[in-house]
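Visitor: I'm new here and would like to learn how to read this one. Could you walk me through it?

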Amino acid sequence: MKSVWQKDVERPEFPPLKNDVKTEILIIGGGISGILTAHFLHQRGVPYIMVEKDRICGGTTGNTTAKITFQHGLIYSKLLRSAGVENAQMYLYANRAAFDKYSELCRNIDCDYEQVDNFVYSMDDGQKLERELRTLDNLGVRASFMADLPLPFQTAGAVCLPDQAQFHPLKFAASIARNLKILEKTPARAFDGNTVLTDYGRIRAEKIIVATHFPLINKHGFYFVKQYQSRSYVLALKNGPQLKGMYRDEAE
């Protein structure tokens, strides 16, 4: 089954690798992270190649929630407790910078970009929301508590962050990717130093960026691959209420 994003966008097609090549930077992974990495290298004239095992944006990016926000759950109060105020500020700064860059890029792309408020609600724990609001205030973020939400179930309220955004991720990625140096149907099979082995040849690179959602090499010693995959679902219902904004439960 295709996501709503994949149904109405013609993604540009790219050829597979056909022989051994060399480049300064190799990017592995053709989702939005890999595409944007290639885009910024392309802008700066840095030699690069990006490889994707199938079609660009066929994985996580093609099934995303399409939110652009620096409010990811009740993350800031958790970061304050676990990592301290300086690291919480760094996380906020990095996410804000990324948000601003997306907004800048979307101004010149027809991708249904729209600024809306973001709400993180709790079903039953108002104290969590109060802690998050205090933390955001200490970090200099303008947020507010919303007691009444237009949701079809009861909540304890929500932390509202104004002027966040939503967009059509595949319209955005397809536009960004058109003139980039991309090789599709070219899975990275193994590393041999700075050489990546594929089904159709070798790619030698001075630097390699792995932009896949999960690590791709499962060998002894690669302990970071000890992760688990999870999946969530969204239902689109006919005759449902029109909700202005984005809503997320703070619980898993």
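Visitor: Let me start with a single residue: where is the place of D163?

Guide: D163 sits in strand 6. Strands here are DSSP runs of E with at least two residues, helices are runs of H or I with at least four residues, and both are numbered from the N terminus. Before we go on, this is a predicted model, where local features need pLDDT of at least 70, side-chain atom pairs count only at pLDDT 80 or more, and totals for chains, interfaces and linings use all residues. Residues are numbered from 1 along each chain as its sequence is written, and side-chain values use heavy atoms, with hydrogens and water left out.

Visitor: Which sign does the phi of D163 have?

Guide: Here's the general idea: most residues other than glycine have a negative phi. D163 has a positive phi of about 60 degrees, although it is not a glycine. C57 also isn't a glycine, and its phi is positive, at about 60 degrees. You'll find C57 in the loop between strand 2 and strand 3.

Visitor: Is C57 buried or exposed?

Guide: We go by relative accessible area: under 20% is buried, over 50% is exposed, and anything in between is partly exposed (1.4 Å probe, protein chains only). C57 has a relative accessible area of 2%, so it is buried. D163, at 39% relative accessibility, counts as partly exposed.

Visitor: Now salt bridges. With which residue does R142 form one?

Guide: The idea is that side chains of opposite charge can pair when their charged atoms come close. The rule used here asks for a side-chain nitrogen of Lys or Arg within 4 Å of a carboxyl oxygen of Asp or Glu. R142 pairs with D163, our residue from before, and their closest N and O atoms are 3.5 Å apart. R142 is in the loop between helix 5 (126-138) and strand 5 (144-146), while D163 is in strand 6 (residues 158-166), so the bridge ties together parts that are 21 residues apart in sequence. R142 counts as exposed, at 59% relative accessibility.

Visitor: How many salt bridges are there by this rule?

Guide: The count comes to nine salt bridges. One of them joins D54 and K185, with the closest N and O atoms 2.6 Å apart. This pair links distant parts of the chain, 131 residues apart: D54 is in the loop between strand 2 (48-51) and strand 3 (67-68), and K185 is in the loop between strand 7 (182-183) and strand 8 (188-192). D54 is partly exposed at 37% relative accessibility, and K185 is partly exposed at 39%.

Visitor: Which residue meets D199 in a salt bridge?

Guide: That's R189, at 2.9 Å from N to O. D199 lies in the loop between strand 9 (195-198) and strand 10 (202-210) and R189 in strand 8, so this bridge ties together parts 10 residues apart in sequence. D199 is partly exposed at 43% relative accessibility, whereas R189 is exposed, with a relative accessible area of 52%.

Visitor: On to helices. At what angle do helix 2 and helix 4 pack?

Guide: For this you fit lines, the axes, to C-alpha atoms over the stretch in contact, and angles between N-to-C directions run from 0 to 180 degrees. Helix 2 (residues 32-43) and helix 4 (residues 85-106) pack at about 70 degrees, with their axes 14 Å apart. These two helices are therefore roughly perpendicular, a label for angles of 65 to 115 degrees. Contact means heavy atoms within 4.5 Å, and here it is made by I32, L36, H39 and F40 of helix 2 and K101, Y102 and L105 of helix 4.

Visitor: Which residues make the contact between helix 2 and helix 6?

Guide: Helix 2 and helix 6 (residues 169-177) pack at about 35 degrees, with axes 10 Å apart. The contact is made by I32, I35, L36 and H39 of helix 2 and F172, A173, I176 and A177 of helix 6.

Visitor: And how far apart are the axes of helix 3 and helix 4?

Guide: The axes of helix 3 (residues 75-83) and helix 4 are 7 Å apart, and the two pack at an angle of about 140 degrees. Among the residues in contact are Y76 and L79 of helix 3 and Y91 and L92 of helix 4.

Technical notes. Angles under 35 degrees count as roughly parallel, over 145 as roughly antiparallel, 65 to 115 as roughly perpendicular and the rest as oblique.
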